[in-house]
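User: Please take a close look at one helix in this model. I would like to know how it sits among its neighbours.

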Amino acid sequence: MCRKGSVSIFEEDLTTEGDMCWMNADEFLCKYRVTRNQLDQLTNILSEDDVFAHPKRGYPQMPVKHQLMVWLHFIGHEAQSNSTQRDTFKVSRGMCEKARDRIVKALNNIRNDYIRWPGAEERKEIAARIKKEFHIPNCPIMQDGTLLRLGIEPESDDAADYHGRKFAYSITVNVLNDDERRIRAYCAGYPGSAHDNRVWRNMKQHRDPGSYFSENEFIMCDTAYEPSWFCVPAFKCVVGDGLHLHPHKTLFNTVLAKPRVVCEHTMGLWKGRFCWLRNIRMKITNNKNSLKRILRYIDSTIVVHNMLLDWREAEDRNAAWGESVVTDLTSIDDANRAPPIAEREVLDQPIPLHALNDMRRPQLMQYICETYIHSYNYSPIQDDLSLSHGDWSSMVGYDFSTDGDDSSVVSELD
């Protein structure tokens, strides 16, 4: 016989009528990480899965909506367990765990419907939006890596490999997303000591780029990744050069920084809604199923993340991102403006076979230097007449009279 409290916490939380409503919309969103309308939509989709079929023997399952609420509460808060959820919902610990596992299985069954790579036409639409907003052409996808902290020390032979640079134990995840913060592909499961570029090299998009990118398309990323014809990272500051970059490279990094912030927004939205990802209290052992269980839970959070982006309500979207995006870019990249033929000839041509890996990045840097126009709301210090040209050059450690000659960069400031 299954133990169950006399008071239904689920029905109390769902009630919205009159004096019986004791949880307003904000409180419900804080507890379950979704609105009541979004909960109804999730329930309608998952209720069709066979995992929720009534068993022929044994105690009947809780309603699908109640099971979903158990999973949302578990995944939306840190340090939840069967015991804490038993005290919260007044149901047995076994019912809580079985409910979560059923929801995870149902979400994994519809994974391919919500975590999907964009087709050729959709990539063109995404690239057009990114070009209009960030002045970067032919870029439909951005990528970045993140670490998911493990709250329990692994008990496996390779436990030391899970030591990351930020946390005592963690899992490395590489995420590819579009401009709308939708996760298009990801790779998880590598220990926290694994480099982002190592994870990226083992993804399908890197091993077979021709199946995922057109000849002139590429993704943007930070300096952790290796450049190629389909991957354009920012430039690194080399110690031998005195940690100074050529002005063209500095401009290139500045322009790339704006769209790469979208990657950080994606991580913040994903890990902010599902706080379980900040402190995964599941133990990794030598049994492979222990890691697979964590990966299935991660899968389920990404499925719901993309779902909510598809259906997000107006107030939820405005609260998260605002009604408009403020940028200091000019209208030079109007969607109705066709770029000059010279620009198209360079950026739209495929990279020749056996060419250098870093061939696409100089092309993009040249395009940015020729077409990007600064727009500032302040007066630069160079306009200060109290400083002579020599004083200004010595103060910043760079002689502007050399017109971009790298040899003028000094290693130490006066």
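Analyst: Start with the residues of helix H4 that are buried. They are Val-64, His-66, Gln-67, Leu-68, Met-69, Val-70, Trp-71, Leu-72, His-73, Phe-74 and Ile-75. That is eleven of the twelve residues in H4, so the helix is mostly covered. Keep in mind that this is a predicted model.

Now check the length. H4 runs over residues 64-75. At 1.5 Å a residue, its twelve residues should span 16 Å. The C-alpha atoms at its ends are 16 Å apart, which agrees.

What does the covering? Six helices are worth listing here, and the cover includes each of them:
- H1 (9-14) and H2 (25-32)
- H3 (36-46) and H5 (82-89)
- H6 (93-109) and H12 (288-311)

Two of these neighbours deserve a closer look. Two packed helices are described by the angle between their axes and the distance between the axes.

Take H5 to begin with. H4 and H5 pack at an angle of about 125 degrees. Their axes are 11 Å apart. Angles of 65 to 115 degrees count as roughly perpendicular, and those over 145 as roughly antiparallel. The angle here falls in neither range, so H4 and H5 are oblique to each other. Their crossing is right-handed. Which residues meet? From H4 come Met-69, Val-70, His-73 and Phe-74. From H5 come Gln-85, Thr-88 and Phe-89. By class, this contact of H4 with H5 has four nonpolar residues, three polar ones and no charged ones.

The H4 residues in that list follow a pattern. An α-helix has 3.6 residues a turn, so residues three or four places apart point the same way. Compare Met-69 with His-73, or Val-70 with Phe-74, which all meet H5.

Next comes H12. The axes of H4 and H12 come within 12 Å and cross at roughly 105 degrees. That makes H4 roughly perpendicular to H12. On the H4 side, Trp-71, Phe-74 and Ile-75 take part. They meet Tyr-297, Ser-300, Thr-301 and Val-304 in H12. The residues of this contact divide into five nonpolar, two polar and no charged. Phe-74 appears in the contact with H5 and also in the contact with H12.

Finally, step back to the protein chain. It holds 16 helices and five strands. Buried residues make up 47% of its 414 residues. Consider the contacts between residues at least 6 apart in sequence: 65% of them join residues at least 24 apart.

Definitions and conventions:
Residues numbered from 1 in each chain as written. Predicted model: local features only at pLDDT ≥ 70, side-chain atom pairs only at ≥ 80, totals over all residues. Heavy atoms only, no water. Helix = DSSP H or I, 4+ residues; strand = E, 2+ residues; numbered from the N terminus. Expected span 1.5 Å × (residues − 1). Buried < 20%, exposed > 50% of the residue type's maximum accessible area, 1.4 Å probe, protein only. Contact = heavy atoms within 4.5 Å. Axes fitted to C-alpha atoms, helices over the stretch in contact; angles between N-to-C directions. Parallel < 35°, antiparallel > 145°, perpendicular 65-115°, else oblique. Left-handed = near helix turned anticlockwise from the far one by under 90°. Nonpolar A, V, L, I, M, F, W, Y, C, P; charged D, E, K, R; others polar.
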